[in-house]
Amino acid sequence: MALRIGELLLKERRITPEQLQEALTFQKAHGGKLGTALVKLGFVRDDDITGLLSKQYGVPSINLTQFDIDAAIVKLIPLETAQKYQIIPLSRVGATLTIAMTDPTNVFAMDDIKFMTGYNIEPVVASETAVQEAIQKYYALPMSAEPSALDVASKALDDMPGLSDADVEVLEELDEISVDALARQGEEAPVIRLVNVLLMSAISKGASDIHIEPYEKEYRVRFRIDGVLYNIMNPSMKFRDAIASRLKIMSKLDIAEKRLPQDGRIKIRYNDQGRSKELDFRVSVLPTLFGEKIVLRLLDRDKLMLDMTRLGFEPEPLERFEAAIQKPWGMVLVTGPTGSGKTNTLYSSIARLNKADTNIMTAEDPVEFNLAGINQVQIKENIGLTFAASLRAFLRQDPNIILVGEIRDFETAEIAVKAALTGHLVLSTLHTNDAPGTISRLMNMGIEPFLVSSSVNLICAQRLVRRICSNCKQEHPSPPPALAKIGYGAEDARTVVPMHGAGCEKCNGTGYKGRVGLYEVMEVTEGLKELILVGASGLELRRKAVEEGMISLRMSGLQKIKDGMTTVEEVLRETVM
């Protein structure tokens, strides 16, 4: 095996044949592994050896110097066993114990440890030097808590009455972790505790996303709450790699890979006022100039609003939308930027249509929520399972309703249009600014005007605006000329009294709590079909749609201001005249 490592190093031109021979001589005289000999002689670095071992054995590698190990985990394996097999335990998730080994092909070691601990063993590779130093550190010296990390964690916990990071329980896809073990980790390991605090704090504050961002001289954590990013804390730079590694382990990602983007998922169970609750985090890791930026999207099924009447539609647009999704065929498109609530609208639609006599199939990237009775497919472009490939397969599965997560290219658009024209109802999303612009987007993709006019039943453009906090709502009058300038008619400009939130403890002083949708619902009528066929511009289509009763995004916003749901500033931020 030693010679194989040497051959690999030679093949990658990391060492010369002379250096290999010198290292073999040194190894023969002093014992140990060839990798250790090469490091001691200064021919390669520890990182080179772990990277090579990872490639050789096909398992992830880890830099133990950047990893904090919980004392409770270390106690699972006696010192004698750790020294005998040159291993160090790292973490436990459910019934799986992750251990760092110098030789992950040593099945006797893994069987011995499995028998001793009762856990399944998952190996990662570390260099012999790093494992020996870790054994010395964790078995010979008592672990001391890192004050700065605990200070940060305690400060964050102060903002979360009734919640504790010890309530967090990470779940695997099938297995559950012991909440007692995780609670012990939360008390003893600073980085694990800090990550748990971040997750619980985000849940407590009602955040939709967590942004963990490394810069040259700053490490920043921000939460997106009601669509706006807020700076939450600035952990010490020394925790940068440890936090990234912890989140990667939780989301089953490759700890050693720091050059490429990675996507994963964390499932946790936590105690919400005495009630056990499950929550998913979608994890995206992106290599940036000064480290890996990590964004976690909170996917809370309890916040998924499947009742369409509560989304924020005005009565008439809602009636049109519901009529369109009840049709046996055709296409209904929902458009808007990322984070505008398109997924919620589509899920609400298929929840309304989900009956025992209906075959509903979805292709999503990623599947955000599991819906009972719906056949959901996760797109995996790296193996060829694209939206287009899924759509082709769907058409051989006798579907009634097809949901395509996003129409990104001509191929997907073409198959979706053909499906809509051959007796299927197709629901999908596009990234466009408004409903009329979606027609131009489809034609720019290469879809013929006659196919667009024949297949599309309705287009719904949407935005999310912050809702005024009901606890501190108060009148905030504006002069009639200012209201007329943003789109109100003369009568409304005189009578409408806008509201705003003064700021209170319930809304963290922002004046806003929650969000509500603005909707622009354009039904493709006979008049619009004629304009599409002659290649009319988006402006002409908008004019015709408004004539036929379409409420624009700005008009929807003005109605929400009139109803006291949101503020003038929010509507101006998200819409144009």
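This briefing walks through two sheets, some helix packing and an aromatic pair. The structure is a predicted model. One of its sheets is open and has 7 strands, while another open sheet has 3 strands. Helices α17 and α22 pack with their axes 8 Å apart, and F313 and Y519 form a stacked aromatic pair.

**The sheet of 7 strands**

- Follow the strands across this open sheet and you meet them in the order β13-β12-β14-β15-β11-β16-β19, with mixed pairing.
- At the edges are β13 (375–378) and β19 (512–523), each of which pairs on one side only.
- From one strand to the next, the twist averages 20 degrees.
- Inside the sheet, β11 (residues 330–335) and β16 (residues 456–468) run parallel and are joined by 5 bridges.
- To find a bridge between β11 and β16 by eye, look for V334, whose bridge partner in β16 is C460.
- Helix α15 (residues 387–394) lies across β12 (360–364), β13 and β14 (401–404), and its direction makes an angle of about 165 degrees with β12.

**The sheet of 3 strands**

- Here the order is β1-β2-β3, again in an open sheet with mixed pairing.
- Strands β1 (87–93) and β3 (120–125) each have a single partner strand, so one side of each is left without a neighbour in the sheet.
- The twist in this sheet averages 30 degrees from one strand to the next.
- Strand β2 (residues 96–101) runs parallel to β3, and 6 bridges join the two.
- One residue to look for is I99, whose bridge partner in β3 is P123.

**Two helices packed together**

- Helix α17 (residues 435–445) packs against helix α22 (residues 538–547) at an angle of about 140 degrees.
- The two helices, α17 and α22, are therefore oblique to each other.
- The crossing of α17 past α22 is right-handed.
- On the α17 side, P436, I439 and S440 make the contact, and on the α22 side G538, L541 and R542 do.
- Sorted by class, the residues in this contact of α17 with α22 are 3 nonpolar, 2 polar and 1 charged.

**Aromatic pairs**

- The model has 3 aromatic pairs.
- Among them is the stacked pair of F313 and Y519, with 3.9 Å centre to centre and 15 degrees between the planes.
- F313 sits in the loop between β10 (291–299) and α13 (315–325) and Y519 belongs to strand β19, so the pair ties together parts that are 206 residues apart in sequence.

Definitions and conventions. Residues are numbered from 1 along each chain as its sequence is written. This is a predicted model: local features need pLDDT of at least 70, side-chain atom pairs count only at pLDDT 80 or more; totals for chains, interfaces and linings use all residues. Side-chain values use heavy atoms; hydrogens and water are left out. Axes are lines fitted to C-alpha atoms, for helices over the stretch in contact, and angles run from 0 to 180 degrees between N-to-C directions. Helices (H or I, at least four residues) and strands (E, at least two) are DSSP runs, numbered from the N terminus. Angles under 35 degrees count as roughly parallel, over 145 as roughly antiparallel, 65 to 115 as roughly perpendicular and the rest as oblique. A crossing is left-handed if the near helix is turned anticlockwise from the far one by less than a right angle, and right-handed if clockwise. Contact means heavy atoms within 4.5 Å. Ala, Val, Leu, Ile, Met, Phe, Trp, Tyr, Cys and Pro count as nonpolar, Asp, Glu, Lys and Arg as charged, and the others, Gly among them, as polar. Two strands pair if DSSP finds at least two bridges between them. Rings of Phe, Tyr and Trp (its six-membered ring) pair if their centres lie within 6.5 Å; planes under 30 degrees apart count as stacked, over 60 as edge-to-face and the rest as tilted.
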